[in-house]
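The following exercises are to be worked from the sequence and the coordinates. Please attempt each task before reading its solution.

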Amino acid sequence: MFLFLGVRAMKEHRYAGLRRSILGSMILVPLVPFILILGIGYYYFTTSIQTSTIASMKRIVGDHRQMIESFLTERKANLEYILYSYSFDELAEPQKLYDIFCQLQKESNAFLDLGLFNEEGIHVNYQGPYKLAGRDYGKEDWFKEVMKEGHYISDIFLGYRRIPHFVIATKREEAGRKWIIRATIDTYMFNDLVKKVRIGRTGEAYILNKDGVFQTERRSGGNLMEIDPEKVRYPSSQSGIINFIHKDERGETYCYTTTWLKDKDWLLVVRQEKADAFKAFRSAAYLIILISLIGGGVIIGLAFYMTDRIIRRMKRIDIEKEQLGDQLIRASRLAEIGEMATGIAHEINNPLQIMNSEHGLIEVLLSDLKEHGDLKESEDLKELEDSIDQIKIQIGRCSKITHAVLKFGRQSDVVSTDIDLGGFIPEVIGLVENKASVEGITVKQDISEDTPLIQGDPGQLQQVLINLFNNAIDAIVERHGSEGGELVIASHIGEDGKVEISVKDNGGGISPDNLKKVFQPFFTTKPVGKGTGLGLSVCYGIIDHMGGIMEVSSQKGVGTTFFIRLPVAT
Amino acid sequence: MEKMKMMLVDDEERFLSTTKKLLLKKGYDVLTAVSGSEALEKLRTHNIHVVILDVKMPGMDGIETLKAIKKLFPMVEVIMLTGHATAESAVQGLKSGATDYLMKPTDVNDLIEKAEEAFDKRQRLEEKIRVAQTRSFMKSPRQIIRDTE
């Protein structure tokens, strides 16, 4: 028992190990490429998004730089046009300047005022909303610079007017005289232009001067003229369009794209929260996580399911294998027992022979003694003689048994002879009739007179019939107990010219499922140890060998009929 | 008429002795041998007509002994005594020249009956031989002279 349990535990252990390795490979094999594909997909997807996002930011920066630059260039060109189209005296004439200013405003309504300065910095003539004519600007920085450089563009300032503006000034030199024309330009034009930039949720654009002062408003906070609170290390020189990432003081990470303007030390900045810029990253990541969770779940679930199925299947096969092994062992043991029985029967015949001879001698001696008058007739003598006769009878019985065993045990020597079923079948029935009547079974014979001879080994045919009879009796007993059974054995010549023997019982019948398997070796419905499952398959083999066919028809709850069709003897 | 002389060959000594006693009681001349070789030895020294030979014996078995007897003493009739119900050994014996076979356990009366039959057969055969020889005498006296030579 302990050994048995040990074996079972070992088997369970083996299954567990097998299960682990199958499960492991069934999960890993699809999961590794699955995750690899997702990873590679994610990598390339994010890289391409990053590239395209940065490219679009650079494009916006580039476009806007060009627009602002052309705005500035145009305004400068306006002034230069005026400066070179009119003389100082013409410009100094208020009416003339007013006409020019009106003309200029037609060109661009960004012009707020227009003024003329002489080389001392005196505001000679002025057209605009304020009374600035006559003022001295000789000490002002811008004046000094324009005198030196020839032109000047200021940073944006609020000035007296409290509106953001900047000035453009240009100098003309002629015949030893120098004069300057200056215009104030409202910045709303490019303020709007820059402010209008909107990328995603947080994308914005603004301009800083070289000291980091806002030249345009920033949507996310940062008023005009204030210093940019972010300590961004902006690229220093004319380094083209630059892209970098920076974390601001609130902890938001921004993606910056910047460029310096050509004519003015202004920095155009386009920035967007990184999370916003790469929003697609996040949705892709969520999607990928979702897919990996579902896909991984499906893979793992499937692996568990398949592994379970495989293991169950293996267990079943193992059990079947074991059962088959057991049946084989039983069958071989049975064969061994048969052989042993034959051997024993054979050996018993020798002592029986001696006993027989001794008995013969006793008989002769006894009759001699009686003849010579040495023994008188008496009751005791009669008893003795009766007893000696009994010994003879019992020896006869023993020899009958041993001969029966030997006959059963013999395997070889198939002797094919003509068999007359008319005599043969009743003989075989005679062998089981006793058993049948004990179980209350009525045995009916319907042997047609015209049943022709068949050819075969009588011993084998007897084996087949006895097997069928015994099966039938077992089936009947199982259903009816010891009353009401009926066994019908019939034989006649069939339509196909073959001899048909049928064995019909009114037992429980065979289920259609089992009916297909009845002739299979080792198939049995009897409890373990009761049937070898070989009987019918051997019968089938014998009939097949005789050139015949064996068939079965059965109805559950009605009964079973076995048919044997054999060729007529030639 | 010549009296039948039998020999029983079996490895069971008790069977030999009892059966011998029985046969002697019934008035037959009986010899016994416990092995094939002993049987052959006795055949050489005695004029035996019928041998009852057990098939299964240690050493030289029944069939071997039968073959040897038939080779050395073709005129001796042999009845096989088989413990096996199969016709197998009996058939083999008959093919090898045995006259008949008996199944163990056999009744002494059956044994005597078969032995008598075998003896009759032998007598008839001897008779035939005698007749044939007589004919040849009559045909050619020279033949007789040649035969005796």
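Three exercises with solutions follow, and they concern a predicted model.

**Exercise 1. Fold of chain B**

Determine how many helices and strands there are in chain B, and in which pattern they follow along the sequence.

*Solution.* Step 1: the assignment yields six helices and five strands in chain B. Step 2: reading chain B along the sequence gives β-α-β-α-β-α-β-α-β-α-α. Step 3: of the contacts in chain B between residues at least 6 apart in sequence, 57% join residues at least 24 apart. Step 4: of the 149 residues in chain B, 37% are buried.

**Exercise 2. Packing of two helices**

Describe the packing of helix H2 (residues 36–45) of chain B with helix H3 (residues 62–72) of chain B.

*Solution.* Step 1: the angle is about 20°, and the axes are 10 Å apart. Step 2: angles under 35 degrees count as roughly parallel, so H2(B) is roughly parallel to H3(B). Step 3: the crossing of H2(B) past H3(B) is right-handed. Step 4: H2(B) contributes Gly36(B), Ala39(B), Leu40(B) and Leu43(B), which meet Glu64(B), Thr65(B), Ala68(B), Ile69(B) and Leu72(B) of H3(B). Step 5: sorted by class, this contact of H2(B) with H3(B) has six nonpolar, two polar and one charged residues.

**Exercise 3. Contact between the chains**

State how many residues the contact takes from chain B and from chain A, and characterise the side of chain B.

*Solution.* Step 1: 18 residues come from chain B and 19 residues from chain A. Step 2: helix H1 (residues 13–25) of chain B gives the most to the side of chain B that touches chain A, namely seven residues. Step 3: by class, that side of chain B has five nonpolar, six polar and seven charged residues.

Conventions. Residues are numbered from 1 along each chain as its sequence is written. Chains are lettered from A and ligands numbered from 1 in the order in which they are written. This is a predicted model: local features need pLDDT of at least 70, side-chain atom pairs count only at pLDDT 80 or more; totals for chains, interfaces and linings use all residues. Axes are lines fitted to C-alpha atoms, for helices over the stretch in contact, and angles run from 0 to 180 degrees between N-to-C directions. Helices (H or I, at least four residues) and strands (E, at least two) are DSSP runs, numbered from the N terminus. Angles under 35 degrees count as roughly parallel, over 145 as roughly antiparallel, 65 to 115 as roughly perpendicular and the rest as oblique. A crossing is left-handed if the near helix is turned anticlockwise from the far one by less than a right angle, and right-handed if clockwise. Two residues are in contact if their C-beta atoms, placed from the backbone, lie within 7 Å. Ala, Val, Leu, Ile, Met, Phe, Trp, Tyr, Cys and Pro count as nonpolar, Asp, Glu, Lys and Arg as charged, and the others, Gly among them, as polar. A residue is buried if 20 or more other C-beta atoms lie within 10 Å of its own, exposed if 12 or fewer, and partly exposed in between; C-beta atoms are placed from the backbone.
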